[in-house]
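This report introduces a single protein structure to a reader who has not met it before. The sequence and the model are shown first, and a description follows.

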Amino acid sequence: MRIVIVGGVAGGMSCAARARRLDESAEIVVLERGEHVSFANCGLPYFVGGEIADRDALLVQTPASLKASLDLDVRTGHDVVAVDPAGKTVTARTADGDIELGYDALVLAPGAQAARPPIDGLDSSRVRTLRTVDDAVALRDQVDAGARRAVVLGAGFIGVEAAEALAHQGLHTTLVEYAPHVLPPLETEMGSLVTAELARIGVEVRAGVAAVAIEHEREGDVVVLGDGSRRDADLVVLSVGVRPDTAVFETAGVACERGAIVVDAHGRTSVPDVYAVGDATVSADPVTGARRPVALAGPANRAGRLVADAILRPDTARPIPQPLGTAIVRVGAQTAALTGANRAALEAAGIAFHTLHLHPAQHAGYFPGASQIHLVVHVRAGDGLLLGAQAVGLDGVDKRIDVLATAIRAGWTVDALIDLDLAYSPPYGAAKDPVNMVGMLGENVGNGTVRLWYAQDLDSVTASSLVLDVRTPEEFATGHVPAALNIPHTQLRARLDEVRRAAGARPVRVMCQSGVRSAIAHRVLAQAGIDSATLSGGMLTLRAVVGEQALALP
Ligand SMILES: Cc1cc2nc3c(=O)[nH]c(=O)nc-3n(C[C@H](O)[C@H](O)[C@H](O)COP(=O)(O)OP(=O)(O)OC[C@H]3O[C@@H](n4cnc5c(N)ncnc54)[C@H](O)[C@@H]3O)c2cc1C
């Protein structure tokens with residue numbers, strides 16, 4: 001059997017390696033357009049930033065090493081330009097002319113290309129994408145040659161990593177994002193934390209505005225933004241998104257949806273004996289059902305492995321799971337991560353949900369180095385099914401998001417998190433881990449023990465309710481909701497009449513700094529027969545959602 005694989009990086013090479021491990025007799029040919037295979041695309045930003053010093057560290061394998069260890073026939077400089085499904089052949093363009101190759105099974109793993117929006121002047125030689133080893137080397141060369149000013153267009157994961165890398169190298173870096181905040185899949189309250197960290201490490205963030213032109217000057221380019229502002233740039237990184245690199249295959253009759261190859265649960269395309277994996281394919285979101293490509297390395301690698309199984313062990317091959325899109329990024333000293341659906345995706349899918357905000361310490365508060373993890377968890381209304389989670393913090397974010405990703409994948413409801421036995425000693429966690437606390441709050445909200453109100457509803461709440469702030473007077477003085485009544489939670493039981501008088505016929509909406517003290521106060525009020533709810537995430541979340549301008553400040 002001859003298996004031909006198009007694309008020799010994440011999905012393609014994973015498929016090739018697994019195929020060999022399953023079948024010593026198969027002929028396995030990998031055709032790669034570029035000069036390198038099996039390179040560490042995820043490491044490219046860290047080479048630009050200098051943390052990975054040596055370019056060769058990015059080249060995980062070479063055609064020679066793959067030949068030696070796995071007997072793979074890896075051909076770089078082979079750009080597949082045509083597929084003939086009837087004759088079961090592919091045509092590859094090489095420096096020495098076109099070659100034609102027959103296949104028994106064809107695996108398409110062509111990945112994605114950087115999107116190129118219609119911006120005047122985008123053809124400048126100072127504009128680079130960051131997709132290949134050559135791209136990263138070219139950017140690093142520009143840095144080493146003395147570039148001082150950088151503009152990064154697009155603040156998705158790669159754009160944020162590129163901006164961090166360039167700032168780390170000492171360049172004055174501006175990050176431009178058309179969406180209202182950086183890392184658009186993050187909720188507003190999380191995005192603002194990332195924006196603050198980018199500012200702290202010296203990256204200027206211009207969100208809510210697009211680049212409209214790049215003017216070429218002799219000494220550098222000028223990036224012109226939609227609001228008329230201009231930024232000088234010795235280099236520009238274009239990272240406004242990707243699109244599946246599938247034109248050749250769509251032309252050959254492989255069914256695509258908005259450019260992404262449609263596959264079944266075993267990676268089979270619409271064409272017999274042709275499979276596809278990775279960034280080039282469309283998959284259904286397991287939470288919302290929305291169909292979209294997921295451009296992440298883990299799903300591509302795992303799908304590659306499973307497609308090899310589907311080709312060589314079709315009777316026992318496991319289906320390719322629908323990816324949750326779990327992702328993580330370092331931003332300065334902070335880490336931001338997410339899994340499952342966000343608020344916008346849930347609203348678009350018409351799924352009723354509520355949101356939990358928590359700000360627990362990542363490990364015991366008394367142990368040196370304790371810091372807050374800011375957590376957002378979306379839970380389905382009614383049955384408490386976990387739908388999505390996001391976290392930002394200095395430490396411990398990866399562990400919590402991975403546990404939550406596992407729980408979502410397992411189809412758990414939020415209360416099941418209470419029972420998780422997670423590793424604990426003071427330097428690592430808490431006897432009630434942040435994940436256990438998500439479960440406790442989720443259960444309390446689900447059964448009505450705790451009732452939440454949200455920062456997004458501040459205007460309607462202040463118009464119709466008494467806002468009761470149960471922080472200390474000193475905290476209250478640092479900024480509070482206008483017209484809020486301040487009674488510290490420790491005094492509340494003795495001052496309930498004062499609350500009743502101030503509220504009159506209105507409900508009481510309680511708040512504190514992070515939501516812990518206000519939950520206690522809420523229980524006091526509710527058990528006293530007062531219509532009460534507690535602000536989800538407290539002042540920390542409120543500030544991140546509505547900003548300082550909505551507060552009465554000292
Ligand atoms: C800078 C950067 C950082 C990233 N960081 C992360 C991260 O931290 N975490 C994460 O999960 N994901 C990350 N990703 C995304 C991840 O790398 C991709 O999701 C993953 O590589 C996709 O695998 P793939 O096999 O579908 O495509 P790729 O790995 O992109 O491989 C596709 C290959 O196919 C080749 N090809 C395309 N068309 C043809 C053709 N017609 N003929 C021959 N060859 C062809 C291309 O040259 C390319 O080498 C990052 C990506 C980049 C660019």
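A nonpolar core is a set of buried Ala, Val, Leu, Ile, Met, Phe, Trp, Tyr and Cys residues joined through side-chain atoms within 4.5 Å. The model described here is predicted.

**Nonpolar cores**

The largest nonpolar core comprises 40 residues. V160, L166, L175, V194, L198 and L235 have the most contacts inside this core. At least two core residues come from each of several elements, including α2 (44-48), α4 (133-144), α6 (188-200) and β24 (334-340). Helix α5 gives the most, with 6 residues. For L198, contacts outside its neighbours within four places in sequence are made with V160, L175, V182, V203, V205 and V331. A second, separate core has 31 residues, among them A337, V403, A407 and V445.

**Strands β1, β2 and β3**

Strand β2 (residues 27-31) is mostly covered, with 4 of its 5 residues buried. Together with β1 and helix α1 (residues 10-22), β2 makes a right-handed β-α-β unit. Strand β2 also pairs with β3 (residues 73-75). Within these pairings, V30 is the bridge partner of I5, and V74 in β3 is the bridge partner of V30.

The table lists strand pairs and their bridges.

| Strand pair | Residues | Sense | Bridges |
|---|---|---|---|
| β1 and β2 | β1: 2-6 | parallel | 5 |
| β2 and β3 | β3: 73-75 | parallel | 3 |
| β29 and β31 | β29: 466-469; β31: 508-511 | parallel | 4 |

**An open sheet**

Five strands form an open sheet in the order β28-β32-β31-β29-β30, with parallel pairing. Strands β28 (452-453) and β30 (485-486) stand at the edges with a single partner strand each, so one side of each is left without a neighbour in the sheet. Between β29 and β31, L466 stands opposite V508 in β31.

**Individual side chains**

Is H266 buried or exposed? H266 counts as buried because its relative accessibility is 18%, and the limit for a buried residue is under 20%. H266 is found in the loop between β19 (260-262) and β20 (274-276). Leaving aside neighbours within four places in sequence, H266 is in contact with Y275, V307, A310, A317, R318, P319 and I320.

Aromatic rings were also examined. A search of the whole structure finds 0 aromatic pairs. The ring of F47 nevertheless has the charged end of R140 over it, 4.2 Å from the ring centre.

Definitions and conventions:
Residues are numbered from 1 along each chain as its sequence is written. This is a predicted model: local features need pLDDT of at least 70, side-chain atom pairs count only at pLDDT 80 or more; totals for chains, interfaces and linings use all residues. Side-chain values use heavy atoms; hydrogens and water are left out. Buried means under 20% relative accessible area, exposed over 50%, partly exposed in between (1.4 Å probe, protein chains only). Contact means heavy atoms within 4.5 Å. Rings of Phe, Tyr and Trp (its six-membered ring) pair if their centres lie within 6.5 Å; planes under 30 degrees apart count as stacked, over 60 as edge-to-face and the rest as tilted. A charge sits over a ring if NZ of Lys or CZ of Arg is within 6 Å of the ring centre and within 35 degrees of the ring normal. Two strands pair if DSSP finds at least two bridges between them. A crossover is right-handed if, with the strands pointing away from the viewer, the path from the first strand over the helix to the second runs clockwise.
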